[in-house]
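Please open the model in your viewer and keep the selection panel at hand. The stops below are meant to be taken in order, each beginning with something to select.

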Amino acid sequence: EIAKLPKETLALWEKYGGDETDDKEAFQKSFIRHVTTTLARSIYNIDNFSAYQATAHSVRDRLIKRWNETQQTHTEADSKRVYYLSLEFLLGRSLDNALLNLGLKDNCGEGVKELGFAMEDVLDQEVDAALGNGGLGRLAACYMDSLATLDYPAWGYGLRYTYGIFQQRLKDGYQVEFPDYWLNFDNPWELPRLDVVVDVKFYGSVNRYTDEKGRKRYAWEGIDTVQSVAYDVPIPGYGTKNCINIRLWSSKPKRQFDLSRFNEGQYEQAVQEQMQAENITAVLYPNDNHMVGKELRLKQQYFWVAASLFDIVRRFKKSQRPWSHFPDQVAIQLNDTHPSLAIVELQRILVDLEGVDWDDAWEIVTRTFAFTNHTILPEAMERWPVPMVQYLLPRHMQIIFDINLFFLQKVEKAFPDNRDLLARLSIIEESTPQFVRMAHLAVVGSHRVNGVAELHSELIKKTIFKDFIQYYGNDSKFENKTNGITPRRWLHQANPKLSELITDTLGNKNWLKNLDLLKGLKSYVDNKDFRKRWVAAKHSNKVRLTEYIKKTTGIIVNSNALFDVQVKRIHEYKRQFMNILGVIHRYNTLKKMTSEERADVVHRVVIFGGKAAPGYYIAKLVIKLINSVAEVVNNDNSIEDSLKVAFIPDYNVSVAEIIIPASDISQHISTAGTEASGTSNMKFVLNGGLILGTVDGANIEIHEEIGDDNIFMFGNLAHQVDDLRHAHRYRNVPMDPSLQAVINDIESGQFGDSRIFAPLINTLTLGQDYYLISDDFQSYLDAQKLVDEAYKDKEGWITKSILCSANMGKFSSDRAIQEYAERIWNIEPVPVVTKKHI
Ligand code: C3B
């Protein structure tokens, strides 16, 4: 096509294209151009925020260039791609990451400075893209970073929520939620593709007809059509030209107005319809590890899945290959069960729209999909009422019944006369009403199912998917892929001082692409100079956090104290409750000491952060209790600063980047077997923070890597949990005496009106202590004592801290992505070669 253009046209493109080079001068030119044109401002009215916008737009220009080159390269290579379907992408801020990954940091930093701004202030203007709840959404973001860095041809697909996860503020110690209208100002990190539009249907009916070959066929006549508009978010890799794409869909009404209604004078109803369409992608459901069965959520899921599959199929069709080649060109990863309707949608496209025979279609579908499970908590399992699915997606419901029928027929052949097994394996739960078990659909429709840490992957085979193991045989489908985190954001960006020390020590930045190289730090563990700089880095991070705590809470803490951190979503299984009960125990122990005795204790700052789902009453009470305890402890001069408690509001990715590098010890204390992996545990240890944790999730593998000396583990083991719960339920197990004492303190009113906390305390007594706080409490206190002892040995602690980081190579998301690519997706890297600008 290009060859057909007149020479003069080509010459113009050659001459004027590709101006966005990476040098300082070109950047400054871009910056000033964006101030005057994009922002319509001038040298006289530019503040930090406009400086951020101008910088972001200048970087965006360069990102888009790479994005284009990458997409062009991938299209030409026409090799297999992976599509990562995730309802959540918790990206956080983009500017600093883009500067680093594009290699623009120094030139832009200088360029901005010469223009009169400090890069730090400029970076601080950006609002987080917070399109996720917690671990699952942040994992997706880390995986996109690694996919880009490792040159894989990959796309993410998600939703462009108008409102991300709510903003948390505190009022009288209680959480209050505010909307996160993150698109208030323009968003330079997305490319609106107003021309990429997909019609998505809902409701309606199914017609049966006979096609020209005499086959019975089905056609779904949906009645409510909503448009899905694409917004592309470029994700640059580190140290590569590769820049991949996350395509986020936004809903908009198909027609601007229903004119007939308008003419009939029903103006309001006509506008209403428009608003309903826009509603679909309005808000991210704020639940973590908990299912809420709202129809709008199901609509979101189908809206997203339908638009994404349409896009993927359209791209495949361009290559004119036969359908049987689809799984050789396309791998689709399902991030949890949220996108499992994609299995049904692809089967529908193939059978109803493309006329592929059912069995051939099903073969294609199952070879295409793979599924990651992130939880075994029963309340998190997605089940949709059959009547709701039937009404919203009548043809899909038929297809699910057929998938189930054919699947159960096969099971019956292998296990005749085993009705119980059939009922347990069925995709349909035979209750009133019936439910669709999305996890079963995902397992049956995928060729691989993986858990996210070794223990978790073993547990799913023994619990939620036990019966599938009996049917498929142990090793056929089920695998482990231990989670990982990107060292670019979580060490290099979040902890610049430590990153610089590591680079100086190892001689280069190669560790950022090969985290195993951190092992090289071990030979410096006794090097005085190195140790000094290591401590200095940690201390400056603690000073930074001290200032942040003061700014956000007014609480003044001592940066020389031991910083003890628990930041994550507030959930009973994560046991923030146990942590604060432990704090009360510590406080009352300190109060009983004499001044001389206290002189000997390690001073602590206990730091909490995390959001509770707005409807999760008990979790919200935990926040209140933490703040009530903080109020009393922080104002008690008699304990002489030996203990401070701070709840940092509105925990998010950017706040995590300040907190994590400043931690001495962090708590990952879930009831054994309940935390599938955890990923913040990896971030803390990578930054030289030690862990106090239960034998759960990735704690176990971190322990394996860093050794007994560098981690504090406690508590009952996963295999003991069932028996302990049974005992609580049917025997009268006395409460742990130290715990009982703490409960008495709360009930005595030491932390304010104790009636407020009664429902919380009831979870330990009336609620049968489902999360086994009493069973683990003594062991927890013992472990805390060991932490204090170890911290007193300053030099010993530094050694532990260094060895922690040095042994964390395994937990790079690069390693995880490589395993997925080789074992599940069967895709190869496609490096981007620099293209001319035409
Ligand atoms: C989380 C799990 O709770 C974590 O243990 C795990 O590390 C991450 O996923 C990533 O695998 N998770 C979540 O954030 N939301 C869910 N709905 C289910 C699991």
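A search across this whole predicted model finds 34 aromatic pairs. To look at one of them, select Tyr 143 and Tyr 820, whose rings meet edge-to-face, with 5.7 Å from centre to centre and 65° between the planes. Because Tyr 143 belongs to helix H7 (residues 135–149) and Tyr 820 to helix H34 (residues 813–825), this pair ties together parts that are 677 residues apart in sequence. With the surface switched on, are these two side chains buried or exposed? Tyr 143 counts as buried at 0% relative accessibility, and Tyr 820 is buried as well, with a relative accessible area of 1%.

Next, select Phe 371, Phe 407, Phe 465, Phe 468, Tyr 471, Tyr 472 and Phe 478, which ring pairs link into a cluster. While this region is in view, add helix H18 (residues 454–462), whose buried residues are His 456, Ser 457, Leu 459, Ile 460 and Lys 461. Among the elements that cover these buried residues of H18 are strand S17 (448–451), helix H19 (466–472) and strand S18 (478–480).

Now colour the chain by domain. The domain assignment gives domain 1 as 16–77 + 95–125, domain 2 as 80–93 + 128–191 + 230–247 + 292–483, and domain 3 as 487–716 + 776–811. Between domain 1 and domain 2, the C-alpha centres lie 35 Å apart, and 24 residues of domain 1 are in contact with 25 residues of domain 2.

The next selection is strand S4 (residues 154–159). Six of its six residues are buried, so S4 is largely enclosed by the rest of the structure. Ala 154, Gly 156 and Gly 158 point one way from the strand, whereas Trp 155, Tyr 157 and Leu 159 point the other way, and all of these are buried. Which strands does S4 pair with? Strand S1 (residues 81–85) pairs with S4 in the parallel sense over four bridges, and strand S11 (residues 243–253) also runs parallel to S4, joined to it by five bridges. Trp 155 is a convenient residue on which to centre the view, since it can be followed to both neighbours: Tyr 83 stands opposite Trp 155, and in S11 the bridge partner of Trp 155 is Asn 245.

For a contrasting arrangement, select strand S8 (residues 205–210) and strand S9 (residues 216–221), which pair in the antiparallel sense over six bridges. These two strands form a hairpin with five residues between them, and Gly 214 in the turn has a positive phi of about 80°. Within the pairing, Thr 210 stands opposite Lys 216 in S9.

Move on to the open sheet of six strands, which has the order S21-S20-S19-S22-S23-S24 with parallel pairing. Its edge strands are S21 (643–648) and S24 (711–714), each of which pairs on one side only. Neighbouring strands of this sheet are turned by 20° against each other on average, direction ignored. Strand S23 (residues 690–694) is joined to S24 in the parallel sense over four bridges, and Leu 692 stands opposite Phe 712 in S24.

With the sheet still displayed, add helix H32 (residues 773–792), which packs on the sheet and touches strand S19 (562–567), strand S20 (604–609), strand S22 (665–668), S23 and S24, its direction making about 165° with that of S24. Helix H33 (residues 794–806), in turn, lies across S22, S23 and S24 and runs at about 75° to S23.

The last stop is the nonpolar interior. The largest nonpolar core contains 230 residues, of which Phe 202, Trp 249, Leu 545, Leu 581 and Trp 825 touch the most other members. Helix H10 (residues 295–318) gives the most to this core, with eleven residues, and the core draws at least three residues from each of domain 2 and domain 3. Select Leu 545 and display its surroundings: leaving aside residues up to four places away in sequence, Leu 545 touches Phe 563, Ile 607, Ile 648, Ile 658, Ile 659 and Ala 662. Finally, look for a second, separate core of 26 residues, which includes Leu 39, Ala 54, Leu 99 and Leu 123.

Methods. Residues are numbered from 1 along each chain as its sequence is written. This is a predicted model: local features need pLDDT of at least 70, side-chain atom pairs count only at pLDDT 80 or more; totals for chains, interfaces and linings use all residues. Side-chain values use heavy atoms; hydrogens and water are left out. A nonpolar core is a set of buried Ala, Val, Leu, Ile, Met, Phe, Trp, Tyr and Cys residues joined through side-chain atoms within 4.5 Å. Buried means under 20% relative accessible area, exposed over 50%, partly exposed in between (1.4 Å probe, protein chains only). Domain bounds come from an automatic or database domain assignment. Contact means heavy atoms within 4.5 Å. Two strands pair if DSSP finds at least two bridges between them. Axes are lines fitted to C-alpha atoms, for helices over the stretch in contact, and angles run from 0 to 180 degrees between N-to-C directions. Rings of Phe, Tyr and Trp (its six-membered ring) pair if their centres lie within 6.5 Å; planes under 30 degrees apart count as stacked, over 60 as edge-to-face and the rest as tilted.
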